[in-house]
Amino acid sequence: MITDTGKKYSIYAVWAVFVFLIGYIKLSYHELWKDEWQAWFVASDKSLGQIFSFLYYEGHPALWYVYLKPFTFLQSLANPVSIMSIAHLVTVALGLYFLFIRFRLPLFLKIFFALSYFLFFEYGIVNRGYFMVILMTFWVTSLISQEHNNKLYAGLALFLLCQTEVYGVFMAIALGFYIYLKSKSGLDRLKNIDFYGLALGLLVFLISVFPRVSGHVGKTRGKDLSFIDTILTSLQGNLSNTYLLGSTPDTFTVGWTAIGLVLSILCLGGLIYVFYKDKMVWKSFLAFLAMMLIFSIFFFVGGVRQWGMGFVFFVAMLELRGMDIRKECGVAGIIITFCMFGLIHNVKAVREDIRLPFTNAKKTGLFIRDKVPAKVPVVAINKFEATPVIGYAGRKFYELPAGAEFSYFRWVDKIYLPTENELKLFARYKGVGGITILTPKPLDNTRFPNVKLWQKFDEENYKKENYFLYTLPVK
């Protein structure tokens with residue numbers, strides 16, 4: 001017979017296994033992508049004041065950058081790759097702690113959720129701020145699921161949740177709505193400190209990231225879509241591409257499909273069936289889904305990594321709903337179906353991340369570190385793609401026409417393609433016999449007749465991102 005103490009220790013053991021497994025894959029196999037390096041360089045190369053003034057370029061609130069800042073001071077002790085991965089792993093461990101230890105869901109469902117593509121790979125392996133959303137959401141959920149919760153902690157958690165991502169803001173609003181619905185006297189409930197935390201969090205979020213630059217907020221995924229196409233793309237992305245992940249190609253790749261929309265309707269029906277018995281949970285989840293769809297349609301359609309936030313909130317709402325698996329086989333069947341699609345997709349993603357480099361940035365960066373003398377400038381054409389190469393090369397590159405060093409980029413900047421004469425002029429200005437040029441695509445020989453291909457890094461990789469190194473001698 002298993003005692004309560006033995007059961008408790010077994011759950012802790014499962015939690016530790018997941019933390020170890022994610023950490024092992026992350027530290028042993030995962031190559032850092034440009035989104036990961038971008039946040040690191042912003043935190044490393046800017047003061048706290050400069051970080052806050054830079055956030056509207058990023059479109060992300062401050063919490064992830066502020067969290068990374070102390071870790072950047074440890075670069076003299078270890079390489080940034082390990083430091084960043086460990087910093088992110090801490091958030092993973094804490095988020096999974098709430099899932100496994102504090103949540104009341106059945107253990108087998110917790111395991112399914114932890115093995116899903118979103119929690120395990122997209123947010124667990126890749127070192128971005130999204131797991132901070134999970135951590136704060138699960139913290140708030142754990143608090144408000146208690147009959148007599150600590151409102152000060154709930155207010156703090158809601159405030160911090162608003163500083164994670166815009167999707168964290170949607171979750172904070174929906175959770176605040178749940179608190180309001182759950183209270184016996186709604187108007188009196190608004191006077192409590194948790195609502196003050198939510199209100200302050202929303203205000204700080206808006207001040208931090210509200211666009212100050214024309215064109216900062218993209219309306220589509222990079223292509224001109226009609227309004228109807230945008231609606232249908234958003235519906236499929238936030239439903240079937242989230243809960244039946246991999247059942248059809250995601251809309252970021254091929255756009256919406258008829259089968260994808262049919263599956264989306266089935267997903268919506270499944271979600272209604274899961275939540276409809278608890279009106280407070282259902283209304284809160286519906287409010288979150290509505291905010292996701294409105295944001296996707298009018299501001300940014302997004303992709304799988306954004307839509308997966310819906311799955312995270314789905315898990316949180318299940319905790320608030322509660323369930324007796326012995327009495328709700330139909331509900332359990334829908335949840336397990338959603339989880340199986342996520343699990344299968346996760347296995348494929350992890351296998352590919354182990355088998356292949358995430359991009360060719362690491363190989364390119366290490367080649368530059370070992371083969372390009374420090375006095376020879378590396379000019380990057382397309383700063384967006386150069387950031388991860390800079391991370392692995394351990395040195396900053398140069399941009400034109402400014403001729404300045406850089407490590408991070410600004411999303412609103414346009415790609416500048418210099419002429420060969422500009423490159424030669426820059427080399428003469430630096431007083432060197434030639435320069436190295438980094439580009440994610442082959443250069444046009446007719447535009448750059450004297451530029452010589454030195455090395456190309458176009459081997460198969462997870463993200464299909466390649467690099468080409470050229471040299472330009474100057475007499």
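# Exercises on a predicted model

Arg369 has a relative accessible area of 48%, so this residue is partly exposed. The structure is a predicted model, and the exercises below treat its salt bridges, its cavity and its surface.

**Exercise 1.** Determine which residue forms a salt bridge with Arg369, and classify that partner as buried or exposed.

*Solution.* Step 1: the side chain of Arg369 meets that of Asp370 in a salt bridge, with an N to O distance of 3.1 Å. Step 2: Asp370 has a relative accessible area of 53%. Step 3: exposed means over 50%, so Asp370 is exposed, at 53%.

**Exercise 2.** Identify the residue that pairs with Glu465 in a salt bridge, and locate both residues in the chain.

*Solution.* Step 1: the partner is Lys34, the closest N and O atoms being 3.0 Å apart. Step 2: Glu465 belongs to the loop between strand E5 (452-457) and strand E6 (467-473), whereas Lys34 belongs to helix H2 (residues 34-45); the pair links distant parts of the chain, 431 residues apart. Step 3: buried means under 20% relative accessible area. Glu465, at 12%, therefore counts as buried, and Lys34 is buried with 8%.

**Exercise 3.** Describe the salt bridge between Asp35 and Arg305, and state which network includes these residues.

*Solution.* Step 1: the side chains of Asp35 and Arg305 meet at 3.2 Å, N to O. Step 2: Asp35 is in helix H2 and Arg305 in helix H18 (residues 304-321), 270 residues apart, so that distant parts of the chain are linked by the pair. Step 3: both Asp35 and Arg305 are buried. Step 4: a network of salt bridges links Asp35 and Arg305 with Glu122 and Arg128. In the whole structure, a search finds 14 salt bridges.

**Exercise 4.** Characterise the lining of the largest cavity by its residue classes and its helices.

*Solution.* Step 1: the search finds 1 cavity of 30 Å³ or more, and the largest cavity holds about 50 Å³ of space. Step 2: its lining divides into 8 nonpolar, 3 polar and no charged residues; among them are Ser116, Phe118, Tyr243 and Phe338. Step 3: helix H14 (240-243) and helix H19 (329-355) each supply at least two lining residues, and the largest share, 4 residues, comes from H19.

**Exercise 5.** Name the residues of the nonpolar surface patch, and contrast Phe20 with Leu438 in accessibility.

*Solution.* Step 1: the patch consists of Phe20, Leu21, Tyr24, Tyr29 and Ile354, with about 490 Å² of accessible area together. Step 2: helix H1 (residues 4-28) gives the largest share, 3 residues. Step 3: Phe20 counts as exposed at 59% relative accessibility, whereas Leu438 is buried at 2%.

Definitions and conventions: Residues numbered from 1 in each chain as written. Predicted model: local features only at pLDDT ≥ 70, side-chain atom pairs only at ≥ 80, totals over all residues. Heavy atoms only, no water. Patch = residues over 30% accessible without salt bridge, like charges linked within 9 Å, V, L, I, M, F, W, Y side chains within 5 Å. Areas by Shrake-Rupley, 256 points an atom, 1.4 Å probe, with all protein chains shown as cover. Salt bridge = Lys/Arg side-chain N within 4 Å of Asp/Glu carboxyl O. Buried < 20%, exposed > 50% of the residue type's maximum accessible area, 1.4 Å probe, protein only. 1 Å grid on protein atoms, 1.4 Å probe; cavity = no way out; pocket = protein on both sides within 12 Å on 5 of 7 lines; lining within 4 Å. Points joined across faces, edges and corners; volume = space filled by probe spheres on them. Nonpolar A, V, L, I, M, F, W, Y, C, P; charged D, E, K, R; others polar.
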